[in-house]
Every structure is written in structure tokens, then in C-alpha cells.
Amino acid sequence: MKLKHIITLVLAAAALVAQAQPKVIAHRGFWKTDGSAQNTLTSFAKADSIGCYGSEIDVWLTTDGHLLVNHDRVFRGHEMEFTPSKTLRKLRLDNGERIPTLDEYLACVRQHPDTRLVLEMKSLSDYKREDREARMIFEKLQKYGLTDRTDIIVFSINAAMAFKKLYPAGMKIYYLDGDLSPKKLKKLGLAGLDYSVKVMKKHPEWVEEAHKQGLEVNVWTVNTPEDMKYFQELGVDYITTDHPDMALKLYGQKKSDKK
């Protein structure tokens, strides 16, 4: 066999391996590092600095109608959905930063154009408030020119449908709860499934089924080398992890490779 044919085959094999690697999403940003904390501006900047494909945040609508970025439903004794933003903004995160507004966070995201935003809208106690929050988030993404750089993830089907009505064709909305098959998600017009490690290990066949339906698959929260390799071999499109540095190293990905 001629040398150029061998080189061609080697390059083709390498391309297939690279294609099979899941893209790495930092769960609540890259927070397991010095000076960072979950859902902070720093955590997004840190995720960008190591070459993550995306960085995930969580967004709440407060009782007085403001959008704040934080994960826990109850944070330092205050229920996010039923507390005024003025009270919540006085609280400090583990690295000393304040709970960011969505405006502050989106301004930060815009400064780091190489990293995609994965935005989870937290489920609320009332569907009308969910509809309102979806509309407000959409308007903020438009304001900062980030609709094309943002994926939406939700546990609430109501929220998914609210976003679907607002977003232009092609925007990606993923479902988190783990109770719907790929075929059902396809009927709803969603971009894919974003299910837990536990769910995906129970239903590994959903990866192939999703791909046959033209859907994408993300898995959360993938935190061990064994699980990272398992889901790579399973062929998922993305993993969300608290250890993005570990995943990037394991997959041999560099910042320049993520696109």
C-alpha cells in the first residue's frame, strides 16, 4: 500500500475518533478551581479559559420580577422564587461574588465568544410565571445578541413549549427530566434529551434512537473517568461535568479543538 494511502487512512481514523468525542460542558461553570464558585461570572470565564465547548447556568425569576443566576431553590435560607431580588443580591457566593443578574451574566458571556451558554430555566410554581420568565429570558438573549450562542435546558415541558413559541427556527431546547423517550421528544419538536447518568445507564439504547430521530444527547453530571469513557463509547454528543478539566484532558481536547 502506498504511503499516501496509509496517511489518508490514518487521518480518516483520527477524524472519526475526534468526531466521536463528546463536547464538554462545565456544570454551573468551571467552579472546582481557585477563586471560582458555582454560577459566578468567574466560573464562566474559567470554563472559557480551559476550552470548554459550553458552560451551564441556572436562572430564577424572583418574586419582584428579576432574573437572577443561581442553582439552589433555597439559598442561604431564602427561597429564590419567593424572595425579592434586593434581598438575594445582598448574599455572597462561596468566592465572595454576589448572585449575578442575568444581565451581568450575559454581558460576561458576550466577552467570551468562544464558549457556548447552556441556560437552564428553573421550574416555577406557576405556569404563567414560567411563561413570563421564558419571555424575559428570550428578550435578554436578544438584547445581548446571544440567541445563536445559547442552548435552553428545562425540566418543565410547559417551559419548553413557551420557549419554542418564542425562539426562531433552529434554536435548541433540550429536556432534562428523563421520563420521555426520544420519539416523544421528537414529536414535541425539541432538539434532544439532556438526561442524568442514572437515566442514560438505564436506557443506553436511547442514544442510538435519538440519533436516528435527528436528536442530540447530553448526559449530566458525568464526574468520573470511567463514566466519561463509558459515554464516549456510547456515542453521546455532550457531557456536562463538574470536572471539565479532567474531561478535556481525557478526551485530548484543546481550546482550539472545540469548534
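1. Two residues are in contact when their heavy atoms lie within 4.5 Å. Keep that in mind while you look at Met200 in this predicted model. Skipping its neighbours within four places in sequence, Met200 touches Leu193, Tyr195, Trp206, Val207, Val217, Val219 and Phe231.

2. Where does Met200 sit in the bigger picture? The largest nonpolar core has 67 residues, and Met200 is among those with the most contacts inside it, along with Leu102, Ile137, Phe163 and Tyr195. Apart from that core there's another one, made of eight residues, including Ile25, Ile153, Tyr174 and Tyr238.

3. Now find helix H4 (residues 102–110) and helix H5 (residues 127–143): their axes come within 10 Å and cross at roughly 35°. The crossing of H4 past H5 is right-handed. From H4, the contact uses Leu102, Asp103, Leu106 and Arg110, while H5 brings Ile137, Lys140, Leu141 and Lys143. How do these residues divide into nonpolar, polar and charged? There are four nonpolar and four charged, with no polar ones. You've met Leu102 and Ile137 already, in the list for the largest core.

4. Next, have a look at helix H11 (residues 244–251), where Pro244, Ala247, Leu248 and Tyr251 are buried. Why are they on the same side of H11? Because they cover an arc of only 100° around the axis. As a rule, an α-helix has 3.6 residues a turn, so residues three or four places apart point the same way.

5. What do the buried residues of H11 pack against? Their partners are strand E1 (23–26), helix H2 (41–50), helix H10 (225–234) and strand E11 (238–241). Just after H11 comes Gly252, with a positive phi of about 70°.

Note on methods
Residues are numbered from 1 along each chain as its sequence is written. This is a predicted model: local features need pLDDT of at least 70, side-chain atom pairs count only at pLDDT 80 or more; totals for chains, interfaces and linings use all residues. Side-chain values use heavy atoms; hydrogens and water are left out. Axes are lines fitted to C-alpha atoms, for helices over the stretch in contact, and angles run from 0 to 180 degrees between N-to-C directions. Helices (H or I, at least four residues) and strands (E, at least two) are DSSP runs, numbered from the N terminus. A crossing is left-handed if the near helix is turned anticlockwise from the far one by less than a right angle, and right-handed if clockwise. Ala, Val, Leu, Ile, Met, Phe, Trp, Tyr, Cys and Pro count as nonpolar, Asp, Glu, Lys and Arg as charged, and the others, Gly among them, as polar. A nonpolar core is a set of buried Ala, Val, Leu, Ile, Met, Phe, Trp, Tyr and Cys residues joined through side-chain atoms within 4.5 Å. Buried means under 20% relative accessible area, exposed over 50%, partly exposed in between (1.4 Å probe, protein chains only). The arc is that of the directions from the helix axis to the C-beta atoms.
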